[in-house]
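Visitor: I have a structure on my screen and would like a guided walk through it. Could you take my questions one at a time?

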Amino acid sequence: MLGGLNLLGVGGHELKSVLAQPKRVALLAYLAAATPKRLHRRDSLVALFWPELDQEHARAALRQALHGLRHALGEGVLVSRGDEDIGLDHEQIRCDVVEFERAAEAGRLADALDLYRGDLLEGFFIRGAPAFEQWLEDERVRLKVMALRSATLLAERGGLAESVQWGRRALRIAPLDEPTLRRLMQALDRLGDRAGALEAYEAFAKRLTAELEADPAPETRALAGAVRERVATLSSNATELPPLETAAELPEAAGVPRLRRRWLGVAAALLGLAVVIAAVSLRSREPAPLNAKRVLVVPFANRTDDSTLDPLGNLAADWITRGLALTGRVEIADPGPMVLGGTTGSANRPREAGHEAAAVRALSLASGSGLAVWGSMYRRGDSIEFDAQITDEVRGRILHPLEPVLGRPQEPRPALTILRERIMAVLAEALDSRLGALASAAGQPPRYDAYLAFSAGVEIFYGGRRARDALPYFQRAAALDSTYALPLIWAAWAHGGTALDQCDSTAVIAGRLTGMRLTGLEQMQIDRVMARCRGDLPAAYALGRALTEALPRSELMWEQLARDALDFDRPREAVTILERLHPDSGALDGRAGYYNWLTNAYHLLGQHDRELEAARRARRRFPRNLATLRMELLALAALGRAREVSQRFDEINALPPDPIRLPAPVMREIALDLAAHGDSTAARMALGRLLAWHASRPAAEQAEESLRFERAQTHYAAGHADSARAIAAELARAHPQNEQYAGLLGVLAAQRGDRAEATRVDRLLVALERPLGRGQATYWRACIAALLGQRDTAVDLLARALDAGYVYQVRFLNAHMEPSFAALREYPRFQALLRPKG
């Protein structure tokens, strides 16, 4: 039973009649391997294997199973005592589990490991027997701990070659156990095989990233660094946890009870190292205390052998979660895509069959959840079977087994509705009796094709930050199912909360959502997006803070609040929040935006050394990312290190364009920051190189509207007023309602002293101010006033623009660099306006 299932009769032939009956296999496995070795009461067996049947039918099923086993195994293998006790004669049947335990307890560790070929009944499953499944999972862990212990002791008591041999075997048994990896690396290094040590480390790191989305622990990374650099001779105790007992301490057979106690005593610790710590502690998070009223819903594991059904497991989890959230009676641990920036859940799906309970336990510890809803999907003919269970993670027990639910993969909504109602009924008993009554009021799940379109949009949006490319998927999802609110919420954000800056479209979508039933979280999200579109940044900040109170363990919500704080002129608060988060693991992993807000906040605070350090962390994490190169060059410019900026300037065009950061605006921003920090010579040189870059672009690219305006702004910053005016005038004739084109013409008029033209454009900008324009026209009026020498008017208009929500890039950072405000930089009112408020 170790590493698979093999059942042979006396003549060596396979007992197919038993293998064809999973319940009989499970019964035989339990009788053979359960400890202590004894006879078992029939009542306990029927409760273990047939909990869904009444006593009469369950006993009949047990009698039939035992009859089949007797017929297949032969007389004398099954033994009984009276009418109630049943078991095996272990002299009549050989079992590798029993032999493995005997060898390990007798100190014959190599023999034991020859027998341990993998997990107990690897891949085996029976339906409708949760207590047996729990026993099987516990036994798998117990036997794995014994095997790991045996391999570790053999590695410790052997020579270097044996230490490496058994260390590799230990790592195969527990591939996520870091102390085991470190012992192997040390043995390889002492043997002189540094390449082998680093190869083991790299393979482990890749496995950890792939399976748990985590990084090796600091002590493991330090050991790898020491091996690479040969900074010191590694001792046997370097970066080790307290050592396990040595071979000399192995007891003889007579001391078996003592050794068994030791094995069982370290079982929880080893399992924690292999599973829980890997998922939680490697992210440098302290496990939260388990909240008995917080519910974690884990995406259902796909056991159908059809990966195209993965989204169905996500939909099940998302729909259960949304139903719980709609009641307003339950605290949700992971709201998934109900919060903007969340995912549809595949990252949290248990990956390895047979280890779901341990994976769910790790996720519960990480989120502080006292209750967990999880399960698997299986193919049953043309149907999909959803097997769910609810575990009480505080007490470590199954709260309630649930009957499997069958549904059609093409139309899973009826099955998902039944599944959610049953889950909420069980949770009603545990948490709040009103949950059961509220389940039916939560509506129907979305159409599956609509969910697939929505999920694809989420992946595009956050896989590559491509809001424009994601919008058609959100629109298609909303068209396929007009009752589906989430695609509309995400579309509203894509229009108004990103670089697209299309708040008019956001307002239309918000109007459609008013007739839909939203969860409290969804309503706060759309309210926050609309507050930002209206320029009501205090309201957006207040809603951001309310979201962190609703989801105190969500790093996405805390990052979002940091951005709101930054736009609300509270960069210190933004830094405090961001420095407590974990950008290289969990929900923020793979998102360079975190470092954008952090470096911008440091820039506004004038803490440019810290800004550079954060930027370089970002560069190490995202070396081929234009946004992170921008962060580093801005910090260098602020520190007066113009030579380094100049040396790195051409790298901007060598990197692939970022969906948000494009080469031309980044080069201009770097040049403007050099000028803002007093290095006008370096700024002129950078602007000259940028204009040469513009001239080198293909004709079709130069003709693009956005690049033409970018070139006009560069000419203006470089002092080429006539070239800037020619481009801006042509753009303004083609687009007379565009406040940016008109604004640049007014700035150029003010710069050359044409007050009449500047005043005419100022009046035009008043007329062009849009309800959802977020102060853009007013910002250009402030630029015109500053160039006309009207300092107080300029500061007043800039304050109004900022109050209206002007959010180009980072609004205070943009004002700090704006060339039109060069004459205001020493003016006390201007300095006071830009001074951070929190």
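What follows is a conversation about this predicted model, going from the whole chain to a few of its parts.

Visitor: Happy to start wide. How many helices and strands does the protein have?

Guide: Let's set the scene first: the chain has 838 residues, and 55% of them count as buried. Among contacts between residues at least 6 apart in sequence, 64% join residues at least 24 apart. As for secondary structure, the protein comes to 40 helices and 10 strands.

Visitor: Let's look at the open sheet of 3 strands. What is the order of its strands?

Guide: Work from the pairings. Strand β1 (residues 40-41) is joined to β3 by 2 bridges, and strand β2 (residues 78-81) is joined to β3 by 4 bridges. Both pairs run antiparallel. β1 and β2 each have a single partner strand, so they stand at the edges, and the order is β1-β3-β2.

Visitor: Nice. Which residue of β3 stands opposite Arg-41?

Guide: Let's read the register from the β2 side first. There, Ser-80 stands opposite Ile-86 of β3, while Val-79 has Gly-87 as its bridge partner. On the β1 side, the residue of β3 opposite Arg-41 is Asp-85.

Visitor: Are the faces of strand β3 covered or not, and which residues lie on each side?

Guide: Strand β3 spans residues 85-88, and its residues can be split by side. Buried here means under 20% relative accessible area, and the residues on both sides meet that cut-off. Both faces are therefore covered: Asp-85 and Gly-87 lie on one side, Ile-86 and Leu-88 on the other.

Visitor: Which residue in the hairpin of β2 and β3 takes a positive phi?

Guide: That hairpin has 3 residues between the strands. One of the residues in the hairpin has a phi near 70°, and that residue is Gly-82.

Visitor: At what angle does helix α2 run to β3?

Guide: Helix α2 covers residues 22-33. The helix lies across β1, β2 and β3. Relative to β3, α2 runs at about 80°.

Visitor: How many residues of helix α5 are buried?

Guide: Helix α5 takes in residues 96-105 and is mostly covered. Its buried residues include Val-97, Val-98 and Phe-100, and also Asp-96, Glu-101 and Glu-105. After the helix comes Gly-107, with a positive phi near 85°. The count of buried residues in α5 is 8 of 10.

Visitor: Now some helix packing. Are α8 and α9 roughly parallel or antiparallel to each other?

Guide: Two packed helices are described by the angle and the distance between their axes. For α8 (residues 160-173) and α9 (residues 178-190), the axes come within 9 Å and cross at roughly 155°. An angle over 145 degrees counts as roughly antiparallel, and therefore α8 and α9 are roughly antiparallel.

Visitor: What classes of residue make up the contact of α8 with α9?

Guide: α8 passes α9 in a left-handed crossing. On the α8 side the contact includes Leu-160, Val-164, Gly-167 and Arg-168, and on the α9 side it includes Leu-181, Leu-184, Ala-187 and Arg-190. By class, the contact has 8 nonpolar, 3 polar and 2 charged residues.

Visitor: And how are α33 and α35 oriented to each other, parallel or antiparallel?

Guide: The axes of α33 (residues 705-718) and α35 (residues 739-751) come within 12 Å, crossing at roughly 15° in a left-handed sense. Among the residues that meet are Phe-709 and Tyr-716 in α33, and Tyr-741 and Leu-744 in α35. An angle under 35 degrees counts as roughly parallel, and α33 and α35 are therefore roughly parallel.

Visitor: One last residue: is Arg-322 buried or exposed?

Guide: Arg-322 is found in helix α13 (residues 310-327). Its C-alpha atom is separated by 9.0 Å from that of Gly-336, which is 14 residues away along the chain. Arg-322 has a relative accessible area of 11%. The cut-off for buried is under 20%, so Arg-322 is buried.

Terms used
Residues are numbered from 1 along each chain as its sequence is written. This is a predicted model: local features need pLDDT of at least 70, side-chain atom pairs count only at pLDDT 80 or more; totals for chains, interfaces and linings use all residues. Side-chain values use heavy atoms; hydrogens and water are left out. Buried means under 20% relative accessible area, exposed over 50%, partly exposed in between (1.4 Å probe, protein chains only). Two strands pair if DSSP finds at least two bridges between them. Axes are lines fitted to C-alpha atoms, for helices over the stretch in contact, and angles run from 0 to 180 degrees between N-to-C directions. Angles under 35 degrees count as roughly parallel, over 145 as roughly antiparallel, 65 to 115 as roughly perpendicular and the rest as oblique. A crossing is left-handed if the near helix is turned anticlockwise from the far one by less than a right angle, and right-handed if clockwise. Contact means heavy atoms within 4.5 Å. Ala, Val, Leu, Ile, Met, Phe, Trp, Tyr, Cys and Pro count as nonpolar, Asp, Glu, Lys and Arg as charged, and the others, Gly among them, as polar.
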